[in-house]
Amino acid sequence: MSVTGFADNPPTYVWPSIGDSGTGMHCVVGILAALMQRHTTGEGQRVEVSMQDAVVNLIRVSLRDHQRTGKPGQRTGNQLGVSAPGTTYRCHPGGQNDYVFLFVPQQFWHTLLKTIGRTDLIGDARYETAAARWQHKSEVDALVEDWTSERPKHDVMKTLAGAGIRAARASTPAR
């Protein structure tokens, strides 16, 4: 996320799950290599794939450039040419590394509202469905960031995790 998005915006989440799909592709390559060995030698292999290792391979060019220059790559826009503001929220104290990424499925919307102290919005037609929230995205983003911006990112993640809502830090490497 640190290299996705635009330089003047926070890190941007990319919807395609490259970690999941990329890890699956690495696993298939490993399985095919094990099958080739079995056909050649009669002996198979155990195949293990780490999602973290697979993602490091998928971002190897950004990683290489960071290692060469000592600086992370600049955010120049995501693959769609648009940023996705609102998927990342600034946390207190608001430094460039203080963001969390939230994705709240429909079944957790009321839980989120309870967790952030906005039970007054439960049942509000502007926010009751995913489609309605999308139409009022800037309002939703503002109410969530009002809450996150008052808390350190690790407190935000711990509080939301305690409520069953997944949140992840979204960092920009130090420059």
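**Note on the predicted model: helices α6 and α7 and a nonpolar patch**

1. Just after α7, Gly-164 adopts a positive phi of about 90°. This value, like the others in this note, comes from a predicted model, and it is a convenient place to start because the helix that ends before Gly-164 is taken up again in point 5.

2. As for the overall architecture, the protein has seven helices and three strands, and from the N terminus on these elements follow the order α-α-α-β-β-α-α-α-α-β. Among contacts with a separation of 6 or more, 66% join residues that are 24 or more positions apart. Of the 175 residues, 28% count as buried, while the accessible surface comes to about 11,000 Å², with 55% of that area belonging to carbon and sulfur atoms.

3. Helix α6 takes in residues 137-148, twelve in number, and its first and last C-alpha atoms lie 16 Å apart, which is close to the 16 Å expected at 1.5 Å a residue. Its buried residues are Lys-137, Val-140, Asp-141, Leu-143, Val-144, Trp-147 and Thr-148. Because they cover an arc of only 165° around the axis, they are placed on the same side of α6. The general background is that an α-helix has 3.6 residues a turn, so residues three or four places apart point the same way.

4. Which elements do the buried residues of α6 pack against? They pack against the strands β1 (88-90) and β2 (99-102), and also against the helices α4 (109-115), α5 (130-135) and α7 (153-162). On the face of α6 that is turned away from this buried side, the exposed residues are Ser-138 and Asp-146.

5. In helix α7 the buried residues are Lys-153, Val-156, Met-157 and Leu-160. Viewed down the axis of α7, these fall within an arc of 95°, and they therefore line one face of the helix. The cover over them includes β2, α4, α6 and β3 (167-169), whereas the face turned away from the buried side carries Lys-158 and Gly-162, which are exposed.

6. A separate point concerns the surface, where Ile-18, Val-56, Leu-58, Ile-59 and Leu-63 make a nonpolar patch of about 370 Å². Of these residues, Leu-63 lies in helix α3, which comprises residues 60-69. Is Leu-63 buried or partly exposed? Its relative accessibility is 33%, so Leu-63 counts as partly exposed, given that the buried class is under 20% and the exposed class over 50%.

Terms used
Residues are numbered from 1 along each chain as its sequence is written. This is a predicted model: local features need pLDDT of at least 70, side-chain atom pairs count only at pLDDT 80 or more; totals for chains, interfaces and linings use all residues. Side-chain values use heavy atoms; hydrogens and water are left out. Helices (H or I, at least four residues) and strands (E, at least two) are DSSP runs, numbered from the N terminus. The expected span of a helix is 1.5 Å times one less than its number of residues. Buried means under 20% relative accessible area, exposed over 50%, partly exposed in between (1.4 Å probe, protein chains only). The arc is that of the directions from the helix axis to the C-beta atoms. Contact means heavy atoms within 4.5 Å. Accessible areas come from the Shrake-Rupley method with a 1.4 Å probe; for residues, only the protein chains shown count as cover. Patches are made of residues with over 30% relative accessible area and no salt bridge: like charges are joined within 9 Å, nonpolar side chains (Val, Leu, Ile, Met, Phe, Trp, Tyr) within 5 Å. A salt bridge is a side-chain nitrogen of Lys or Arg within 4 Å of a carboxyl oxygen of Asp or Glu.
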